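Student: I would like to take a close look at a single part of this structure, the place where protein and DNA meet. Could you take me through it slowly?

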Amino acid sequence: MIKDIYRILTREFEDLNSDWWPADSAFERVVGAILVQQTRWESVEKVLAVLKKRGLLTPKAMSSVSLEELEELVRPVGFYRQKARYLKGVASYFSANPEKATFSLPADRLRREMLSLDGIGKETADAILLYAADKPKFVVDAYATRMLGCLGVKGGYEQIQEKFGRALGEDLHAYKRYHAFIVEHGKRYCNRKKCGECAVARYMAGENV
DNA sequence: CTCCAGGAGTGTA
DNA sequence: TACACTCATGGA
């Protein structure tokens, strides 16, 4: 079923290429992963542009800026006080441990390291693993949970993640594209108004799509 | 006006 | 383990 959905979404988003999550550095992706929590990406882009213009998209610079200034800069993304605090903590971590910034640790250990940081939960940790460290880990976001729930599949984070993991194996590119597909698909269809009006729902209804 | 977005931390049972 | 609550701006 997971692979069938992947095939359907691949056809739905033929034009979606690999720069779905644009960034000049891995650290910029880490910052973006935190800023985008419960927030629209359009707001994150504006903040990232300002941070970049000020030269703050490096661990050293971001860990050095004052908390008050960082709060004002990230305010447009919402939850700005905690996110500013999270960013400073993460920046300090990478600044104090430059060797960690290469993400050369094994995936499972890197995941534990990320989860130990304040502000990085399961989804953000996996987003960092996949898009910053190039590890084949599936990112289970609200859309993925919603979509499977709509199809009658329920389960916790790891349970859902394993379903995708068994279907995708070690195909890093597939993990990246699949998550992007689900997000874009979810924005269109996985809401109260349009739930069920998509090709995935038609597939589950038994139609040939 | 209401609703909610690519979550996470904390407290309670 | 399983929820409820809180954090917050900005766009539709």
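Student: Which phosphate oxygen is 2.6 Å from an N or O atom in the side chain of Tyr-143, that is, to which DNA strand does it belong?

Tutor: It is a phosphate oxygen of DNA strand B, and the distance of 2.6 Å runs from that oxygen to an N or O atom in the side chain of Tyr-143. Please keep in mind throughout that this is a predicted model.

Let us stay with that strand and look at what surrounds this contact. There are 24 residues around DNA strand B, and Tyr-143 is one of those that come nearest, together with Trp-21, Gly-119, Thr-124 and Arg-192. Of the atoms of DNA strand B that come within 4 Å of the protein, 67% belong to sugar and phosphate. Besides Tyr-143, you can find Arg-146, which has a polar side-chain atom 3.5 Å from a phosphate oxygen of DNA strand B, and Gly-121, where a polar atom of the backbone lies 3.1 Å from a phosphate oxygen of this strand. The elements that give two or more residues to the surface near DNA strand B are helix H8 (122-131), helix H9 (142-150) and helix H11 (172-189). Sorted by class, the surface near DNA strand B consists of 10 nonpolar, 6 polar and 8 charged residues.

Now compare this with the other strand, taking the same steps in turn. Around DNA strand C you will find Gln-38, Arg-40, Lys-46, Arg-75, Pro-76, Gly-78, Phe-79, Tyr-80, Arg-81 and Gln-82. If you sort these residues by class, the surface near DNA strand C has 3 nonpolar, 3 polar and 4 charged residues. Helix H6 (residues 80-96) gives the most to this surface, with 3 residues. Of the atoms of DNA strand C within 4 Å of the protein, 52% belong to sugar or phosphate, while the rest belong to bases.

Individual atom pairs add detail to this picture of DNA strand C. An N or O atom in the side chain of Arg-81 is 2.7 Å from a phosphate oxygen of DNA strand C, and a polar side-chain atom of Lys-46 lies 3.2 Å from a phosphate oxygen of that strand. With Phe-79 you should look at the backbone, where an N or O atom lies 3.0 Å from a sugar or linking oxygen of DNA strand C.

It helps, finally, to step back to the protein chain that carries these residues. Chain A has 12 helices and 0 strands, and its radius of gyration is 18 Å, close to the 17 Å that the globule rule gives for 209 residues, so chain A is as compact as a globular protein of that length. Its C-alpha atoms fill a box of roughly 55 × 35 × 30 Å, taken along the principal axes. Of the 209 residues of chain A, 45% count as buried, and among the contacts in chain A with a separation of 6 or more, 61% are made by residues 24 or more positions apart.

One loop residue is worth following as an example of how the chain is arranged. Thr-102 lies in the loop between H6 and helix H7 (107-115), and it counts as exposed because its relative accessibility is 53%, where the cut-off for exposed is over 50%. The side chains of Thr-102 and Ser-104 are joined by a polar contact of 3.1 Å. Thr-102 and Ala-132, for their part, are 30 residues apart in sequence and 9.5 Å apart in space, C-alpha to C-alpha.

Definitions and conventions. Residues are numbered from 1 along each chain as its sequence is written. Chains are lettered from A and ligands numbered from 1 in the order in which they are written. This is a predicted model: local features need pLDDT of at least 70, side-chain atom pairs count only at pLDDT 80 or more; totals for chains, interfaces and linings use all residues. Side-chain values use heavy atoms; hydrogens and water are left out. A residue is near a molecule or strand if one of its heavy atoms lies within 4 Å of it. A polar contact is a pair of N or O atoms within 3.5 Å; within protein, one must be able to donate a hydrogen and the other to accept it, and residues adjacent in sequence count only if both atoms are side-chain atoms. Helices (H or I, at least four residues) and strands (E, at least two) are DSSP runs, numbered from the N terminus. Ala, Val, Leu, Ile, Met, Phe, Trp, Tyr, Cys and Pro count as nonpolar, Asp, Glu, Lys and Arg as charged, and the others, Gly among them, as polar. The radius of gyration is taken over C-alpha atoms; the globule rule is 2.2 Å times the number of residues to the power 0.38. Buried means under 20% relative accessible area, exposed over 50%, partly exposed in between (1.4 Å probe, protein chains only). Contact means heavy atoms within 4.5 Å.
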